[in-house]
Amino acid sequence: MLKQLAVSVLLHALAATEVLGAELPGESGGADDSLEFLLEDAIAGDQGQNQPHDQNQPAENRASDNVSQPKSDGAESSVSDEPGGQVAGPDGGAVPTIPVESLSENEGELAAPSTRSPQSRFIEEIVVTAEKREENVQDVPITVQAFSGELLAAKGVTEPIKLAALTPGMTYTESFGATFIYIRGIGLDAFLTGDPAVAYYVDGVYNPMPFGQNQNFGRVERIEVLKGPQGTLFGRNASGGAVSVITETPDPSGFSASLGAAYRIYDHKNVDSDGYSYNAFFNVPLADSIAATFAGYWDDADHWYSNAPGSPRDDRGIEFPRSTQQGLRAKLRWEPTDRSSLTLSYTDYSQNGVGTLALNNTQPSLVTMLLGGLPSDDDYLSEQEAIDDQQETTSETFSAELKWKTDPMEIRLLGSNQEIGVGDFDYDFDGTSSPIITFGDSAAEDVKTVGIYGTITTAELQFTSEPGWGPDWLKWVGGYYYFDSQLGLDPVASLLSAESVIVGPGGGVALNFFDLISLGLPLGQLLSGLPQPVQQILGPLPLLGGVRFIPAGETQTTAHALYAQIDVDVTDWLGLTLGLRYQDENREVTKSNFSLTTLDGGTIQVFDFVDGSLFPPPTPADKQTLSPKVGLNFRPADGLLFYASWQKISKSGTFNIINIYTGVDELPQEKLEAYEVGAKTEWFDGLLRLNAAAWNYDITDLQVQFISFFTGGAVSFDRAEEARSRGFEFDAQVIVLPSLFDSLVFSAGASMVDAEYIKFTNGRGYNEQTGFLTSRNDFSGLPLNRTPKWTGFASLAKTWNFSWGPLEAAVDGNYQDRTCYVPGSTERFCEEAYTVVNARVSALLERTNVRVTASVNNLENTTYVLSQFPNDFGNNRSLAAPRSYVLRLDWSF
């Protein structure tokens, strides 16, 4: 399928070769002569577009290839079409630029159409900070993919979960409102009790919670996806990589603004829904050295799911609620001198909607079937009994950044505080039309404990060498990092609510828990493990009335780290990188208990797993780790960079704190040793860019999340003793036949990940036929979960120039191979390969600077999974959106 995807897009370019053969000079010129003619013609006569540059020149001497391009806030950035062009960096200073794939959403003032050739928005200049300093992306000796805000907006990538379509080797899925990022097979689908393996940053602020990460980007400057371990500079929990979102920087040079609106509808026979979204951005100078930016967005939409006719919700007349998402970001920047700045930021985000709570249990377990649950169709009609409430996620972040440039170094101090909460949710754990079990937030009076909550405080003091001081062959960066978090989960599991009836030959039967155990159902595993006093509490409760379980847990983590990295130019063509991070981390369990609700609505605490009365109290984990890195890079010729690296990294251990009848147990640190080689190349004076990398990761004590209501805790972790990921990937961009076609750009990329459990001898899983819980499974030699072997994308875009402005058409597609969501490759929890194709047309009316974009997402109406939630009751699947049509207007001024 991946090959077919690339070939179908390339056919447009290949069809042009017949025309090319008729127009090239000479009658007997072969393919080599034709290619030479095309390249000479492109370099010499393409009306100034795609001018050549020397990749091996010092960065400050390189020429910009583009005409004046606007910043995404509507103001023009300082890019010149003369040699030596530069672009304004985040601190206002001039930094060099190089081409990176992009699509601009808001164009600024352009030269008159009669005096220029059309400029493709796929080709632009960008600077990244992947190694804590501003560098050209092609000069950074690590694997990083950078996307401008314009590219993301034009492709409809408005939220992080859609990044995977542009990033081979990356999967970005969602479940229960939480997002799970995997890069090259490394990640963790942890709801809360463990740390992710891919670090997520917004303006340098680290967010360790998976909730709230899938918020609308709003207006961003760029996004950097760093692949592979980033332990030296981005911390102990970046073993899979890092995603860094950089938002717009206030500019005191002038006012600028943009407004946008979009309307979308879904095209499916079972769905009648639409949605609206609006966004606004303002850059407001307040004084010669002070400016502020304000960015906001609001989205209101129907879900693409609806009630199945005759379902419990449909019978009660409860319609699927509309979902809303809104956010505000404000930044204030003061530049008292040209060498110092202070930036204050505030972000407020809220989301209220069904999201991935809308699902169907397509393969219920035998337990579910015996309790009245029936299989649902894998379509967009929900059979669920629950989800009367919507899940609400709120996030509030304050940060302050102080920068001061001295002669030897730049000093940067960044501090932040985040408050994140998830509440008002009612998750249908069994996913059927029977009210068997739901999972929701508690009724705790403390406003912090709204179901899922987190308070995160960070601080970083960083020192970066400045050019012009010290030897030219040496660059360095170092600093101190502080992290403190309090993360908690306080849910309620409601088992067999008041409407529940087990129907037998004699009609409805009210059974108590001892009767349920005698049936031999797996629920007996849960209840028989409880002490006799607890069974005496449960015994008198009628099953018809149901029972509410309240397992709660909380952890407190504090970490201090010192890090340093130096880059040495050994010769003109050979560079050496040495990095080291030392961390001291303390994590302790501050709460882990289990309670029950009584018939009169009261609450009885059954266990406190921390006080040591029945179980050994958990011992705080105090860990010291070192993360070293050694890298080499070679520059043998213009436009060629080869690099190799070795590094070690540790991801934080954790505790299983959400327990019902077992004590707290500790998971050790996850350790990874990585080897990687790669190349970044540009050919034919920038007409072809080809980057590639290969890697091998050896992992010990890999953390694997497992969800089961019958094992003593709904969310817990297993430990795989050894695992491995190895593979290769590439991405390429080609300016196709520029002598014949102006601004025809083809881009593609693919990744092959061979990831497996080398030794996993005590894993939990589910029986293929019954869905019953199984323990002590040997999963050695089986693929890692949530890791497709092949992923890839291909895109073709063409720009035409008219008197009123440029017109652009593009088609792109992405492919994902077969993916399993639990260890063991159990068929019921796997998804087959799929391909998604999108198309769009965009026109810029230059006189008014209004852009109109029409797009079709999921053009072939492919059915594929957005969320899969394996559990004791079956396979809960939430499908991604069907085909949708979007019309968007954007105005910059």
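Two residues are in contact when heavy atoms of theirs lie within 4.5 Å. By that criterion, and leaving aside neighbours within four places in sequence, L163 is in contact with F147, L152, V157, M170, F217, I223, V225 and V243. The model in which these contacts are found is a predicted one.

L163 belongs to the largest nonpolar core of the protein, a set of 100 residues. L163 and F191 are the residues with the most contacts inside that core. Apart from it lies another core, of 18 residues, which includes L672, A674, V704 and F760. In soluble globular proteins, nonpolar side chains tend to be buried together.

Some totals set the scale. The protein has 893 residues, of which 60% count as buried. Its secondary structure comprises nine helices and 52 strands. Among contacts between residues at least 6 apart in sequence, 70% join residues at least 24 apart. The exposed area is about 33400 Å², and carbon and sulfur atoms supply 56% of it.

Several of the contact partners of L163 can be placed on strands. One open sheet has five strands in the order β6-β12-β13-β10-β11, with mixed pairing. Its edge strands, each pairing on one side only, are β6 (144–148) and β11 (205–206). F147, a contact of L163, falls within the range of β6. Strand β12 covers residues 220–227 and strand β13 covers residues 241–247; the two pair in the antiparallel sense over seven bridges. Across this pairing, E224 stands opposite S244 in β13. The contacts I223 and V225 fall within β12, and V243 within β13.

A second open sheet has three strands in the order β7-β8-β9, with antiparallel pairing. Here the edge strands are β7 (170–175) and β9 (186–187), each of which pairs on one side only. M170, another contact of L163, falls in the range of β7. Six bridges join β7 to strand β8 (residues 178–183) in the antiparallel sense. The bridge partner of E174 in β8 is T179.

The second largest cavity holds about 320 Å³ of space. It is lined by 21 residues, and those closest to its centre are V202, Q215, R329, T347 and T397. Four strands each supply at least two residues of this lining: β10 (198–202), β18 (323–337), β19 (340–353) and β22 (391–405). β19 gives the most, with four residues. β10, one of these lining strands, is also a member of the five-stranded sheet described above.

Technical notes. Residues are numbered from 1 along each chain as its sequence is written. This is a predicted model: local features need pLDDT of at least 70, side-chain atom pairs count only at pLDDT 80 or more; totals for chains, interfaces and linings use all residues. Side-chain values use heavy atoms; hydrogens and water are left out. Two strands pair if DSSP finds at least two bridges between them. Buried means under 20% relative accessible area, exposed over 50%, partly exposed in between (1.4 Å probe, protein chains only). Accessible areas come from the Shrake-Rupley method with a 1.4 Å probe; for residues, only the protein chains shown count as cover. A nonpolar core is a set of buried Ala, Val, Leu, Ile, Met, Phe, Trp, Tyr and Cys residues joined through side-chain atoms within 4.5 Å. On a 1 Å grid over the protein atoms alone, a cavity is a set of points where a 1.4 Å probe fits but cannot get out, and a pocket is an open set with protein on both sides within 12 Å along at least five of seven lines; lining residues have an atom within 4 Å of a point. Grid points are joined across faces, edges and corners, and a volume is the space filled by probe spheres set on the points.
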